[in-house]
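I opened a fresh notebook page for this one, with a few things to look up. Here is the structure I worked from.

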Amino acid sequence: MSCGRPSPAGGRPVPEEPASRSGAADRAGSPEPADRAGAGRPRLVAGIGLTGGVVGGLIGGGSGVLFVPALDRFAAMSRARVHGTSTIANIGVCAAGAATYAAGGGALDLQVGTGLIIGGTVGGFVGPPLLARASETVLRVLLIVILLLTAAKLFVDALGLPLLAQALVPAYGLANPWFLHSTTVLVGLVIGAWAGAMGLGGGLLAVPALVLLYGVELHVAAGTSLLMFIPNSIVGSVVHLRQGTASARWGRLLALSAAPGTVAGAFLGLALDAVVLGCVFGTFALAMAVREIAQLVRGHGRSTDG
């Protein structure tokens, strides 16, 4: 029985160190086994970062739905370390994206976004410890569920069904600052914990929540989501590095290479009609869900054969 994950090129498995040792290696700046397995692939990792940045800028975050599968495929990391490394990368996506949306038309809703930022920052502390205790199968199943729900919601919106035409939070709630801020902090806490744990950038949850709960226009929701997750990504990255569930080396490279892609994706998102943008977002989420389901089925088949 092998004691590590296969290297990307096949052959003998690359053993992984315990989380505490690998975290120490990251903080010391020395390459660990997972990092060495990807050595010689910096251009590939940078390409992943650039592409994920375009996705994040276009859909208001959620670059992790590309970062996580790509890192899982090309780097010999545990699933927990893949998610943690993606959290580091999201710092570059969120900072560049929020600035671009603000400069491109002030597409930020601070009235709703302030509570989300506060709750999301606290959630950044809560999420990574939960991730460290979760199984890889559970992480994959959770990702599939949220991808499918997001795709379904956006496609239903594109059809213009009257049932979902209005915000779920009533008008009097939106007009009451106490109610609005308390609910947005709570929503931000839940989404922030998820994003801090999963390294998905939060856009797959935050954008639908802003649109469905508070009636925020899709372009504004995308910019607000990116702003929300700047502190969340920073906090989550620090916690992940301390507990050893992230690679600082690849996370930094992804963050730097994602920034220019995010700017391009944000300008593209601002140029698209809201219905078209929703269809793009939904199609991408559905494609990622199908890929994750296929990976889950193949992994279950291998474990059954073994």
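Entry 1, a crossing to begin with. I looked at how H5 passes H12 and found a right-handed crossing. By class, I noted 15 nonpolar residues, seven polar and one charged in the contact of H5 with H12. H12 covers residues 248-271, and its axis lies 7 Å from that of H5 at an angle of about 30°. Angles under 35 degrees count as roughly parallel, so I wrote H5 and H12 down as roughly parallel to each other.

Entry 2, the whole chain. I should say for the record that this is a predicted model. I counted 13 helices and two strands in the protein chain. Of its 306 residues, 50% are buried. I then looked at contacts between residues at least 6 apart in sequence, and 82% of them join residues at least 24 apart. For the surface, I noted about 13000 Å² exposed by the protein chain, with carbon and sulfur atoms supplying 70% of that area.

Entry 3, H5 again, now with H11. H5 is made of residues 79-103, and I found its axis 7 Å from the axis of H11, at a packing angle of about 145°. I noted the crossing of H5 and H11 as left-handed. My tally by class for this contact was 14 nonpolar residues, 10 polar and no charged ones.

Entry 4, H11 with its partner H10. H10 takes in residues 203-214 and H11 residues 218-243; their axes come within 9 Å and cross at roughly 135°. I asked myself whether H10 and H11 are parallel or oblique to each other. The angle falls outside the parallel, antiparallel and perpendicular ranges, so H10 and H11 are oblique. I put their crossing down as right-handed.

I also listed who meets whom. From H10, the residues are Gly203, Ala206, Val207, Leu210 and Val211, and they meet Leu218, Ala221, Ala222, Thr224, Ser225, Met228 and Phe229 of H11. Sorted by class, the contact of H10 with H11 holds nine nonpolar residues, three polar and no charged ones.

Entry 5, Val239. I stayed with H11, where Val239 is found. Is Val239 buried or exposed? Its relative accessible area is 16%, and the limit for buried is under 20%, so I marked Val239 as buried. Leaving out residues up to four places away in sequence, I found Val239 touching Gly124, Phe125, Pro128 and Pro129. With Pro129, the C-alpha atoms are 8.0 Å apart, although 110 residues separate the two along the chain.

Entry 6, Gly113. I found Gly113 in H6, which is made of residues 110-132. I marked Gly113 as buried too, because its relative accessible area is 2% and the limit is under 20%. I then looked up Gly223, which is 110 residues from Gly113 in sequence, and read a C-alpha to C-alpha distance of 9.8 Å.

Entry 7, Ile144. This residue sits in H7, residues 136-159. I read a relative accessible area of 8% for Ile144, so this residue went into my notes as buried. Which residues does Ile144 touch, not counting those up to four places away in sequence? I found Ala289, Glu292, Ile293 and Leu296. I also checked Met288, which lies 144 residues from Ile144 in sequence and 8.0 Å away in space, C-alpha to C-alpha.

Entry 8, a look back over the page. My three single residues, Ile144, Gly113 and Val239, were each noted as buried. For the helix pairs, I have right-handed crossings for H5 with H12 and for H10 with H11, and a left-handed one for H5 with H11.

Technical notes. Residues numbered from 1 in each chain as written. Predicted model: local features only at pLDDT ≥ 70, side-chain atom pairs only at ≥ 80, totals over all residues. Heavy atoms only, no water. Buried < 20%, exposed > 50% of the residue type's maximum accessible area, 1.4 Å probe, protein only. Contact = heavy atoms within 4.5 Å. Areas by Shrake-Rupley, 256 points an atom, 1.4 Å probe, with all protein chains shown as cover. Axes fitted to C-alpha atoms, helices over the stretch in contact; angles between N-to-C directions. Parallel < 35°, antiparallel > 145°, perpendicular 65-115°, else oblique. Left-handed = near helix turned anticlockwise from the far one by under 90°. Nonpolar A, V, L, I, M, F, W, Y, C, P; charged D, E, K, R; others polar.
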